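Student: Could you take one part of this model and walk me through it closely? I'd like the charged pairs and the loop around them, then how the rest fits in.

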Amino acid sequence: MFVFIGVLLIGVLLIGYGIFAIRNPTFGWRMSEGWKVKGDSEPSEGYILSMKFGGLVVIVMGSFFLIVSLLKLLL
């Protein structure tokens, strides 16, 4: 029973991270690479698109975990 609640929590966290990645695709770049560059610099369009696509994939994975855990808890 507690395993499925843990899977449910992981699903919700993954969905939250995916939404964050779609809404703020430059956050990771600023943390890892942005501080290395002097002046104004922005990530490339390819980086932004890949982060948004990755966020979408993470939302799908989180939804899968959420559905599986809810089905196991209900059945």
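Tutor: Let's start with Glu33 and Lys36, whose side chains form a salt bridge with the closest N and O atoms 3.5 Å apart. Keep in mind that this is a predicted model. Glu33 counts as partly exposed at 35% relative accessibility, and Lys36 is partly exposed too, at 48%. Lys36 sits in the loop between α2 (27-32) and α3. To get a feel for where that puts it, take Gly16: it is 20 residues from Lys36 along the chain, and the two C-alpha atoms are separated by 28 Å.

Right beside it in the numbering is Val37, also placed in the loop between α2 and α3. Val37 has 36% relative accessibility, so it counts as partly exposed, because buried would need a value under 20% and exposed one over 50%. Its C-alpha lies 31 Å from that of Ile15, with the two positions 22 residues apart along the chain.

How many salt bridges does a search of the whole structure find? The search turns up 2. Besides the Glu33 and Lys36 pair, there is one between the side chains of Glu42 and Arg30, again 3.5 Å from N to O. This one links distant parts of the chain: Glu42 belongs to the loop between α2 and α3, while Arg30 is in helix α2, 12 residues apart. Glu42 is exposed, with a relative accessible area of 54%, whereas Arg30 is partly exposed at 41%. As general background, side chains of opposite charge can pair when their charged atoms come close.

Now step over to the other loop, the one between α1 and α2, where you find Thr26. Is Thr26 buried or exposed? Its relative accessibility is 18%, which is under the 20% cut-off, so Thr26 counts as buried. Leaving out residues up to four places away in sequence, Thr26 touches Pro43 and Ile48. Ile48 takes us into α3, where it is one of the buried residues, along with Gly55, Val58, Ile59, Gly62 and Ser69. The buried residues of α3 pack against α1.

As for α3 itself, the helix has 30 residues and reaches 43 Å from its first C-alpha to its last, close to the 44 Å expected at 1.5 Å a residue. It also has a face that stays accessible: Ile10, Ile22, Phe53, Leu56, Val57, Val60, Met61, Phe64, Phe65 and Val68 form a nonpolar patch on the surface, with about 880 Å² of accessible area together. The elements giving two or more residues to that patch are α1 (2-23) and α3 (45-74), and α3 supplies the largest share, 8 residues. Val60, in helix α3, is a handy example: its relative accessible area is 54%, so it counts as exposed, the cut-off being over 50%.

One last stop is the aromatic rings, where the count comes to 2 pairs. Phe20 and Phe27 make an edge-to-face pair, 5.4 Å centre to centre with 75 degrees between the planes. Why edge-to-face? Because the angle of 75 degrees is over 60. Phe20 is partly exposed at 36% relative accessibility, and Phe27 is partly exposed as well, at 42%.

Key: Residues are numbered from 1 along each chain as its sequence is written. This is a predicted model: local features need pLDDT of at least 70, side-chain atom pairs count only at pLDDT 80 or more; totals for chains, interfaces and linings use all residues. Side-chain values use heavy atoms; hydrogens and water are left out. Rings of Phe, Tyr and Trp (its six-membered ring) pair if their centres lie within 6.5 Å; planes under 30 degrees apart count as stacked, over 60 as edge-to-face and the rest as tilted. Buried means under 20% relative accessible area, exposed over 50%, partly exposed in between (1.4 Å probe, protein chains only). Patches are made of residues with over 30% relative accessible area and no salt bridge: like charges are joined within 9 Å, nonpolar side chains (Val, Leu, Ile, Met, Phe, Trp, Tyr) within 5 Å. Accessible areas come from the Shrake-Rupley method with a 1.4 Å probe; for residues, only the protein chains shown count as cover. A salt bridge is a side-chain nitrogen of Lys or Arg within 4 Å of a carboxyl oxygen of Asp or Glu. Helices (H or I, at least four residues) and strands (E, at least two) are DSSP runs, numbered from the N terminus. The expected span of a helix is 1.5 Å times one less than its number of residues. Contact means heavy atoms within 4.5 Å.
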